[in-house]
Amino acid sequence: MSDIAAQFKLVKGSIYSHCFNQDRSLLAITYDTDCYVYKVSAAKQPQLVAVLPDHDKTVTAVDISVHGRIVTCSQDRNAIVWEPLSNGTYKPTLVLLRINRAATCVSWASSGYKFAVGSSARIIAVCYYEQENDWWVSKHIKKPIKSTINALSWHSNCVLLACGGTDGYARVFSGFIKGLDTKEQVAGSPWGEKFPFGSLVREWYQGAWIHDIKWRSSIDKVAFVTHDGSLNITDYTDDIKSVDNPEGLPFITLCWINDHEILAAGFSNHPVLYSEGSRGWEVSKILDSPVKSAGKLVASTGDDEEEGAFGMSALRKFKELDLKGKVSQQEEKSTHVNSITELAAYKESNNNVTQVSSVGLDGKLVIYKL
Amino acid sequence: MEDWRRIDIDAYDPESGRLTADDLKPPYSHTVSLQELQPTIQQLRSYTSSGDFAAAVELFTTDPPYNADEQAKSQYFSGILEVLTQVRQVDIANIVKRLDRKQQDALIKYLYKGMSIPEGQKHGGILLAWFEKLTQVAGVNPIVHYLSDRRTV
């Protein structure tokens, strides 16, 4: 289909998260209790180059910093930073998050010197490297989080941290680390004057679970998708714009395309493009939508004319039982055959994303053209 | 299921503060009492008696009292049920078409509430007619909103 630039079946299980490195030559995905690293070249099937095995429970998220460091977090309550070595292997460093429940999401700040981990322990751990101790330190943001954090996003100023979770709040915190960040980074920010670590900058109550939240730093806007099937866009004026999924199903992930366009995807297996026009945000295109053909069932039921006889209806009943579970080819499938779990910008030119990568529960990596 | 998933980890951490149902209540600055709702209920009655159902529906779907207590909510709802059941079937579609996204969400919450209590179930047929017309206009979106929203009527 024309919306698809490439698609690869990578693993047999679900992929919860993926990340490309800066020059798009490496791809990291989560798979079961491991993180797989692939070498990617043009349209060829990605080549598995490393398996990062140290977690002993499901790995929930992965991210790669500007310097090529990979961070993974897992349900075993730990995060691991993987430092690439010259021989192509990775040196793991355990980061003690000091949480008592699973880590759910992880995100590097764009500087690459700190990252944030969200967890079901109602804590966000902001972690940074301390030179003198040769150790990753984690600082907690606790209040007023009431439930699991599902998604995190750093503003490009590396201070503002947006998060969303199952308590129905989208929040913006300050992740300011003394000694690492400077006041110049947030000078003139429309979000406030002072940003001490852990302070709550803004919160918006949405009612439903928040699955994903992303900054558009250049225009200081935040977009988040919720379990009620809507995409919401807001900024420091607290004016929330909401728009629904035409299919009703919730979105799990979103990706800003440019200042006025957002791609969102989730349980309906294919992405939906939204754009902001004079009438506000609305659906502009449904990508890779399954084509409904006036379908025939695969197996014909043969002599199924109404006979009226009692015996025939029993026969038909058994025939129908026999057909149970067979696929009727009434619909062509979309490229992803299960929920999409994460979208990420793949190719970008002039602040406009032209290709988006996605992974899903079907173990596939798909690259969409816009 | 493995055993470690069943461990009560909060028991090991006195500071953890268990999650309670109250923690997940939406943040309301105050609770609306029945007295504060009385004028709206009166207004609904007068619209109903003058036959201006469109205005009545418009009124109760705008800013529903999510922050009222259960008793006030049920009193308020009986006023709404009166409106819903007195509208003629043929007019429902036209009234529903005029509602915006938020109002549709509020309306479906009241429909579900009606179906969940005995007084409403007596008028099940008419509630279903409202439901049908609403989903024809708005699709399944209000239903999905209703399922996941903690703001109840």
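Colleague: How many salt bridges does a search of the whole structure find over all chains?

Modeller: The search finds 18 over all chains. A salt bridge here is a side-chain nitrogen of Lys or Arg within 4 Å of a carboxyl oxygen of Asp or Glu. This is a predicted model, in which local features need pLDDT of at least 70 and side-chain atom pairs count only at pLDDT 80 or more, while totals for chains, interfaces and linings use all residues. Residues are numbered from 1 along each chain as its sequence is written, chains are lettered from A and ligands numbered from 1 in the order in which they are written, and side-chain values use heavy atoms, with hydrogens and water left out.

Colleague: Okay, pick one. Which residue does Asp181(A) form a salt bridge with?

Modeller: Its partner is Lys114(A), and the closest N and O atoms are 2.6 Å apart. The two residues come from distant parts of the chain, 67 residues apart: Lys114(A) is in strand β11 (residues 114-119), and Asp181(A) is in the loop between β16 (169-174) and β17 (200-205) of chain A. Strands are DSSP runs of E with at least two residues, helices are runs of H or I with at least four, and both are numbered from the N terminus.

Colleague: Is Lys114(A) buried or exposed?

Modeller: Lys114(A) is buried, because its relative accessibility is 0%. Asp181(A) is buried too, at 9%. Buried means under 20% relative accessible area, exposed means over 50%, and partly exposed is in between (1.4 Å probe, protein chains only).

Colleague: What about chain B? Which residue does Glu82(B) pair with in a salt bridge?

Modeller: Glu82(B) pairs with Arg45(B), with 3.9 Å between the closest N and O atoms. Glu82(B) is in helix α3 (residues 70-86) and Arg45(B) in helix α1 (residues 34-50) of chain B, so the salt bridge ties together parts 37 residues apart in sequence. Glu82(B) counts as partly exposed at 32%, and Arg45(B) does at 42%.

Colleague: And how far apart are the closest N and O atoms of Lys109(B) and Asp149(B)?

Modeller: They are 3.3 Å apart, and the two residues form a salt bridge. Lys109(B) belongs to helix α5 (residues 101-116), while Asp149(B) is in the segment after α8 of chain B, so parts 40 residues apart in sequence are tied together. Both residues are buried. Elsewhere, Asp167(A), Arg171(A) and Glu203(A) are joined into one network by salt bridges that share partners.

Colleague: Let's switch to the interface. How many residues does each of chain A and chain B bring to the contact?

Modeller: Chain A brings 26 residues and chain B brings 22. Contact means heavy atoms within 4.5 Å. About 1900 Å² is buried between the chains, and carbon and sulfur atoms give 44% of that. Buried area is the accessible area (1.4 Å probe) that the two parts lose on being put together, summed over both.

Colleague: How many salt bridges are there between chain B and chain A?

Modeller: The count is 2. Arg101(A) and Asp10(B) meet in a salt bridge through their side chains, at 3.1 Å from N to O. On the side of chain B that touches chain A, helix α8 (residues 141-148) supplies the largest share, 4 residues.

Colleague: Back to chain A. Why is strand β4 called largely enclosed?

Modeller: Strand β4 (residues 34-39) of chain A has 5 of its 6 residues buried, so the rest of the structure largely encloses it. Strand β3 (residues 26-31) pairs with β4(A) in the antiparallel sense over 6 bridges, and strand β5 (residues 47-52) does so over 5 bridges. Two strands pair if DSSP finds at least two bridges between them.

Colleague: What is the bridge partner of Thr30(A) in β4(A)?

Modeller: Cys35(A) is the partner. Cys35(A) also stands opposite Leu52(A) in β5(A). The hairpin of β3(A) and β4(A) has 2 residues between the strands, and Asp32(A) in the turn has a positive phi of about 55°.

Colleague: Last one. Which peptide bond is cis, with omega near -5°?

Modeller: The bond from Lys143(A) to Pro144(A). Pro144(A) is in the loop between β13 (135-141) and β14 (149-154) of chain A.
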